[in-house]
Amino acid sequence: MTLSNPLRISLVVAATLQSASCFVLQHSSGARQTQLYANNRRDFVRTVVAGSSAMLIPSIANAKGGDSASIAMPNYIEFLIEKNKVIDPNDMLYKGPDIEVQLKRIGEAGARLPEVATLAEEKKWSQVQGIITGPLGTLLQTMNNVASIAGTKEAAAAAKTVKQDLNDINSASQRKDSALCIKAAGKAAADLEKFVNIAFK
């Protein structure tokens with residue numbers, strides 16, 4: 001017979017409360033009283049451990065005997081056929097990065113560059129840092145993807161130039177140099193436009 005968890009817990013509590021009388025003070029002589037407390041504690045611990053272990057340990061499962069396993073064993077020949085199967089590119093779920101999505105990301109990030117110049121003029125350096133680490137941080141990853149798709153040295157060089165411009169914006173904002181930050185943001189916008197013209201021609 002298996003007991004549900006709430007029933008098991010209530011039985012353990014009942015056994016604990018019943019055995020708690022072991023700790024009630026009794027009036028007797030000093031040495032005999034100490035021995036009595038030790039025995040009562042020992043009896044209490046024995047009762048609680050024995051009772052809780054009998055109730056909390058799950059009973060053995062009674063599995064149905066005689067049935068064979070329903071696990072299908074792998075077939076090595078089918079594995080080799082599947083492994084060497086030629087995949088049709090039209091059936092592939094992921095066909096590489098979508099050019100329209102990449103171009104949209106570059107446009108959204110590029111639209112934030114004039115905002116960097118405005119914030120630098122107003123000396124809001126924490127917001128400049130937020131734009132550098134946020135939208136402009138993902139711009140670098142997007143440009144690297146586009147440059148690898150384009151596969152030309154010109155696209156890779158243009159991406160590297162924009163990356164350097166963004167680094168210049170970052171260092172100018174850390175030095176809190178408004179003029180240098182505005183200049184770097186303008187150069188980054190022009191270089192980003194060149195990158196787009198090279199990569200998407």
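How many helices and how many strands does the chain have? Hi everyone, thanks for coming. The answer is nine helices and zero strands, and please keep in mind throughout that we are looking at a predicted model. If you walk along the sequence, the pattern you read is α-α-α-α-α-α-α-α-α.

Let me start with the chain as a whole. It has 201 residues, and 24% of them are buried. The exposed surface comes to about 14,500 Å², with carbon and sulfur atoms supplying 59% of that area. For those of you who like contact statistics, take the contacts with a sequence separation of 6 or more: residues 24 or more positions apart account for 68% of them.

Now to the helix packing, where I'd like to follow helix α7, residues 135–150. Which helices does α7 meet here? I'll show you two contacts, one with α9 and one with α4.

Let's take α9 to begin with, which spans residues 178–199. The two axes come within 10 Å and cross at roughly 30 degrees. Angles under 35 degrees count as roughly parallel, and α7 and α9 are therefore roughly parallel to each other. The crossing is left-handed. On the α7 side, the residues involved are Leu139, Met143, Val146, Ala147 and Ala150, and they meet Leu192, Phe195 and Ala199 from α9. How do the residues of this contact divide by type? There are eight nonpolar, no polar and no charged residues.

Next comes α4, residues 99–110. Here the axes of α4 and α7 come within 9 Å, and the crossing angle is roughly 145 degrees. This crossing is left-handed too. From α4 we have Ile99, Gln102, Arg105, Ile106 and Ala109. Their partners in α7 are Pro135, Leu136, Leu139, Thr142, Asn145, Val146 and Ile149. The division by type is eight nonpolar, three polar and one charged. If you have the structure open, click on Leu139 and Val146: both appear in the contact with α9, and both appear in the contact with α4.

Let's move on to helix α8, residues 153–175, and to one residue in it, Asp165. Is Asp165 buried or exposed? Its relative accessible area is 2%, so Asp165 is buried. Leaving aside residues up to four places away in sequence, Asp165 touches Ala184, Lys187, Ala188 and Asp191.

Two loop residues deserve a look from anyone who checks backbone torsions. Lys123 is not a glycine, yet its phi is positive, about 60 degrees. You'll find Lys123 in the loop between α5, residues 113–121, and α6, residues 125–133. Lys123 is exposed, with a relative accessible area of 53%. The other one is Lys176, again a residue other than glycine, with a positive phi near 60 degrees. Lys176 sits in the loop between α8 and α9, and with a relative accessible area of 55% it is exposed.

One last stop, back in helix α5, where Thr118 lies. Thr118 is partly exposed, at a relative accessible area of 41%. How far apart are Thr118 and Val128 in space? Their C-alpha atoms are 9.3 Å apart, with a sequence separation of 10 residues.

That's my tour, from the nine helices down to single residues. Thanks for listening, and I'm happy to go back to any of these spots on the screen.

Key:
Residues are numbered from 1 along each chain as its sequence is written. This is a predicted model: local features need pLDDT of at least 70, side-chain atom pairs count only at pLDDT 80 or more; totals for chains, interfaces and linings use all residues. Side-chain values use heavy atoms; hydrogens and water are left out. Axes are lines fitted to C-alpha atoms, for helices over the stretch in contact, and angles run from 0 to 180 degrees between N-to-C directions. Helices (H or I, at least four residues) and strands (E, at least two) are DSSP runs, numbered from the N terminus. Angles under 35 degrees count as roughly parallel, over 145 as roughly antiparallel, 65 to 115 as roughly perpendicular and the rest as oblique. A crossing is left-handed if the near helix is turned anticlockwise from the far one by less than a right angle, and right-handed if clockwise. Contact means heavy atoms within 4.5 Å. Ala, Val, Leu, Ile, Met, Phe, Trp, Tyr, Cys and Pro count as nonpolar, Asp, Glu, Lys and Arg as charged, and the others, Gly among them, as polar. Buried means under 20% relative accessible area, exposed over 50%, partly exposed in between (1.4 Å probe, protein chains only). Accessible areas come from the Shrake-Rupley method with a 1.4 Å probe; for residues, only the protein chains shown count as cover.
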